[in-house]
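Let's walk through this structure together, one region at a time. Please keep the sequence and the 3D view open as you read.

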Amino acid sequence: MDSSQEGQSPEADREINDMPSPGENLRIDSARLWDSLMQMAQIGPGVAGGNNRQTLTDADAEGRALFKLWCEEAGLSLGVDRMGTMFATRAGEDPDALPVYVGSHLDTQPTGGKYDGVLGVLAGLELVRTLNDLGIRTRHPIVVTNWTNEEGARFAPAMLASGVFAGVLDLDYAYSRKDQEGLTFGDELKRIGWVGEEEVGARKMHAYFEYHIEQGPILEAEGKTIGVVTHCQGLWWLEFTLTGREAHTGSTPMDMRVNAGLAMARIFEMVQEVAMAAQPGAVGGIGQVKFSPNSRNVLPGSVVFTVDIRSPDQPKLDGMRAEIEKRAAAICADLGVGCAVEAVGHFDPVTFDPVLVGRVRSAAERLGLEHRDIISGAGHDACWAAKVAPATMIMCPCVGGLSHNEAEEISPEWAAAGADVLLHAVLETAEVVA
């Protein structure tokens, strides 16, 4: 990050550290937060108790409309940028003070849970509702944010809107992204009526906070209520297109096949080997595969799949990518299969702002909550926000570490505890006005 950014200078750091802390008895309305989560979960229901509210679908539009209504009822002014990201602002007392942003996303996986992303957006809204109830004013404005297409399930890459906001992705590139039916992001954003007028990235931030479920098992296993997120793993999404020869599975001799499916299977095993060899602190796997023609008795003419590798260590992450691409090329050459690779998603490992991290840790301690430092295994909009402003994250446990699954679950108590920490950390940063 550029040390000249607002909130990054030594003077600003001293100012941040000198801010008074909010009272220890200050809490959000936990029942209201949980009710909001359950109401949002009714939009885009899944088939097994979770949600299918993929970005830029009709269900996404319905969820956005409900969030907009709630923001208006809370007295917030709504802005929307050209990526469809929603920014709901609670005014501050100082017209020259940059806003403190909180947020996450309302879109889900095709078989997603009720809390991934949604918790961070609605906890931000609940934070504002609590301040309204108590008549608390802040010097800095507070902006609750719903980023478009965080998941990347329908349009790759993930964190698309925040990536454009941070200047690492181009708007035209984002608009040109296609889903599996060939529909473009730009056309679908227009279709659901959420193309805003704001230039993407024109907004300036004093700080950014994101509250999220852990999406892993560590906090629950250790009996910790709060994850103080210090870093986020870097990521490569590598889309492989393997080209073989369509042929009848029953009448084509084994030694006369150009089998893209076999090459895929060997690459799957190889990715596991590469990830295991990079332990500790590395993961790798495949989550999406598309066969063509995808017929029971036809060898595939092509196979498209995405390798997902992650690590908080930059050299290790890039080394894994190089090894996978080298060995995949050799596997395909041995079978006579064509092999093309495109990087469809990437971000470097992120170190979150130590001042804001310290605020989160201190808030958890003041509130008497068991906590531990943690590295996020998943990518989040905070990773891109950290390129333009001081940023950090807060995490709460999820049952069994399960996420990106309709069985994803948290408790009302966990949800409220993290939201209380968010409230205290944000107030310390936004500066309560007496």
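**Helices, strands and an annotated site**

Helices H2 and H4 cross in a right-handed manner. This is a predicted model, so please read each value below as computed from predicted coordinates. H2 spans residues 30–41, and its axis lies 10 Å from that of H4 at an angle of about 140°. Angles over 145 degrees would count as roughly antiparallel, and H2 and H4 are therefore oblique to each other. On the H2 side, the meeting residues are Arg32, Leu33, Ser36, Leu37 and Met40. Facing them from H4 are Val118, Leu119, Leu122, Ala123, Glu126, Arg129, Thr130 and Asp133. Sorted by character, the residues of this contact are seven nonpolar, two polar and four charged.

Now stay with H4 and look at another partner. H4 (residues 118–134) also packs against H13 (residues 412–430), with an angle of about 60° and axes 10 Å apart. That angle makes H4 oblique to H13. The crossing of H4 and H13 is right-handed. H4 contributes Leu119, Ala123, Gly124, Leu127, Thr130 and Leu131 to the contact, while H13 brings Ala415, Ala419, Leu422, Leu423, Val426 and Leu427. What is the character of the residues in the contact of H4 with H13? Ten are nonpolar, two are polar and none is charged.

From H13 we can step to a strand. Phe209 sits in strand E6, and with a relative accessible area of 0% Phe209 is buried. Setting aside neighbours within four places in sequence, Phe209 touches Leu422, Ala425, Val426 and Thr429, among others. Its contacts also include Val100, Tyr101, Val102 and Gly103, as well as Leu356, Val360 and Thr392. For a sense of scale, try finding Gly244 from here: Phe209 and Gly244 are 35 residues apart in sequence, yet their C-alpha atoms are 47 Å apart.

Thr225 offers a contrasting case. This residue is in the loop between H8 and strand E7 (226–232). The C-alpha atoms of Thr225 and Gly418 are 7.7 Å apart, although their positions lie 193 residues apart along the chain. Thr225 is buried, at a relative accessible area of 18%, where the cut-off is under 20%. Beyond its neighbours within four places in sequence, Thr225 is in contact with Leu369, Glu370, Met395, Cys396, Pro397, Trp414 and Ala417.

Next comes a site taken from the record. An unreviewed UniProt entry lists Asp116, Glu151 and His404 under "binding site". These residues are spread over 289 residues of sequence, but they cluster in space, with a largest C-alpha distance of 9.6 Å. Where is Asp116 found? Asp116 is in the loop between strand E3 (100–104) and H4. Asp116 is buried, with a relative accessible area of 5%. Both other listed residues, Glu151 and His404, are among the contacts of Asp116. Other residues that Asp116 touches, not counting those up to four places away in sequence, are His105, Asp107, His212, Ile213, Gln215, Ser403 and Glu408.

Gln215 leads us to some backbone details. Most residues other than glycine have a negative phi, and most peptide bonds are trans. Gln215, however, has a positive phi near 65°. Gln215 lies in the loop between strand E6 (207–213) and helix H8 (218–222), and is buried with a relative accessible area of 19%. Asn149 also has a positive phi, of about 55°, although it is not a glycine. Asn149 belongs to the loop between E5 and H5 and is buried, at a relative accessible area of 1%.

The loop between strand E5 (142–146) and helix H5 (160–165) also holds Pro157. A cis peptide bond links Ala156 to Pro157, with omega about 5°. Another cis peptide bond joins Ser292 and Pro293, where omega is about 10°. Pro293 is in the loop between strand E10 (283–292) and strand E11 (298–299).

To finish, turn to an annotated domain. The unreviewed UniProt entry assigns "domain: Peptidase M20 dimerisation" to residues 233–331. Over residues 233–331, the chain is 36% helix and 34% strand, with its end C-alpha atoms 28 Å apart.

Notes. Residues are numbered from 1 along each chain as its sequence is written. This is a predicted model: local features need pLDDT of at least 70, side-chain atom pairs count only at pLDDT 80 or more; totals for chains, interfaces and linings use all residues. Side-chain values use heavy atoms; hydrogens and water are left out. Axes are lines fitted to C-alpha atoms, for helices over the stretch in contact, and angles run from 0 to 180 degrees between N-to-C directions. Helices (H or I, at least four residues) and strands (E, at least two) are DSSP runs, numbered from the N terminus. Angles under 35 degrees count as roughly parallel, over 145 as roughly antiparallel, 65 to 115 as roughly perpendicular and the rest as oblique. A crossing is left-handed if the near helix is turned anticlockwise from the far one by less than a right angle, and right-handed if clockwise. Contact means heavy atoms within 4.5 Å. Ala, Val, Leu, Ile, Met, Phe, Trp, Tyr, Cys and Pro count as nonpolar, Asp, Glu, Lys and Arg as charged, and the others, Gly among them, as polar. UniProt positions are given in the numbering used here, feature names are shortened, and annotations may be inferred rather than shown by experiment. Buried means under 20% relative accessible area, exposed over 50%, partly exposed in between (1.4 Å probe, protein chains only).
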